[in-house]
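Hi,

Here is the model I promised to pass on. Have a look when you get a moment, and my notes are underneath.

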Amino acid sequence: MRIVRDYEFVEHQDRGATVAIGNFDGVHLGHQSVIELARKAAPDAPLGVMTFEPHPREFFAPDSPPFRLMRAETRAHRLEKLGVERLYELNFNTALSSLTPEEFARDVIAKGLGLRHVVVGADFCFGKGRAGNAEDLKRFGEQYGFGVTIAPLMEYSEHAVSSTAIRNALSEGRPADAKEMLGHWHRIEGVVIGGEQRGRELGFPTANMSIDGLHQPRFGVYAVLVDVLDGPHAGSYRGAASIGVRPMFGGVLPNIETFLFDFSGDLYGATLSVGLVAFLRPELKFDGLEALTRQMDADCAEARDILAAL
């Protein structure tokens, strides 16, 4: 997959693509349906996705609470797995955000990237002040020479499949519902960092990862599926993970600590992808380490049973 970040400097081989446009946070089933429509719209053209970095919401409200379901690198990995050949990850800045809907259609889609066909969701808005809608884009496409398909919204349990609905499910500790909308387990991906090694002292060595900048699922313990993406221990594992601030030890910054079942080795510096399968219990403060260890034994036993049934 080739990644293009500047629409004003585009190589010839990156022009003429059929492209799904959106933020694609989570790459959920709705996003996947838009990508599939783009694939079918021009099967002989490179399949692409146009998205924006930083997310426009981050650009306009940089101090708002973290909301992203995945980082840009994770999104790129997921899109590549879906067969996307061109990722137009445009730099969302003052200049881009100031374009009128017509300027965006003309200067970015038609002249800049030379796209052949674009697909957007029925709720798509674009241009300065989100003034343009999907029907406007269709009109501009006729004017500037690119095709436009408007994709219907997908529903789950009588509600639209959306990144917001997935965030709500995760906030409430419902990873299975999030999966139904995502089409895959919600995954937290990152590099294993050094911790305080308290888990190792308790007999539960954990791989610690930051969740800074990401939407925070409900704090607590989860049954998880883990992919170690690189290094000597690359492979798939099962385990239990704790998300939160570690109230037993006076923690402040939330992170995710993952214990891999039946594993022995050093994971520092490796990249992990941790899939949340089931919420086991909320984060608790225990009366001493012995009570904590007993609960961790019970958590791991429950997680093993849940994962064995998948």
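Below is what turned up, starting with the cores and then moving to a sheet.

This is a predicted model, with local features needing pLDDT of at least 70 and side-chain atom pairs counting only at pLDDT 80 or more, while totals for chains, interfaces and linings use all residues. Residues are numbered from 1 along each chain as its sequence is written, and side-chain values use heavy atoms, with hydrogens and water left out.

The largest nonpolar core (buried Ala, Val, Leu, Ile, Met, Phe, Trp, Tyr and Cys residues joined through side-chain atoms within 4.5 Å; buried is under 20% relative accessible area, 1.4 Å probe, protein chains only) has 29 residues, and Met50 and Leu137 touch the most other members. Its largest share, 5 residues, comes from H5 (helices are DSSP runs of H or I, at least four residues; strands are runs of E, at least two; both are numbered from the N terminus). Beyond its neighbours within four places in sequence, Leu137 is in contact (heavy atoms within 4.5 Å) with Ala105, Ile109, Val118, Val120, Phe124, Phe126, Phe146 and Val148. A separate second core of 20 residues includes Leu214, Val228, Val274 and Phe279.

Now the sheet: 6 strands form an open, antiparallel arrangement in the order S11-S16-S13-S14-S15-S12 (strands pair if DSSP finds at least two bridges between them). S11 (186–191) and S12 (207–210) are at the edges with a single partner strand each, so one side of each has no neighbour in the sheet. S12 runs antiparallel to S15 (residues 255–260), joined by 4 bridges, and Ser210 has Asn255 in S15 as its bridge partner.

Best wishes

Notes:
Buried < 20%, exposed > 50% of the residue type's maximum accessible area, 1.4 Å probe, protein only.
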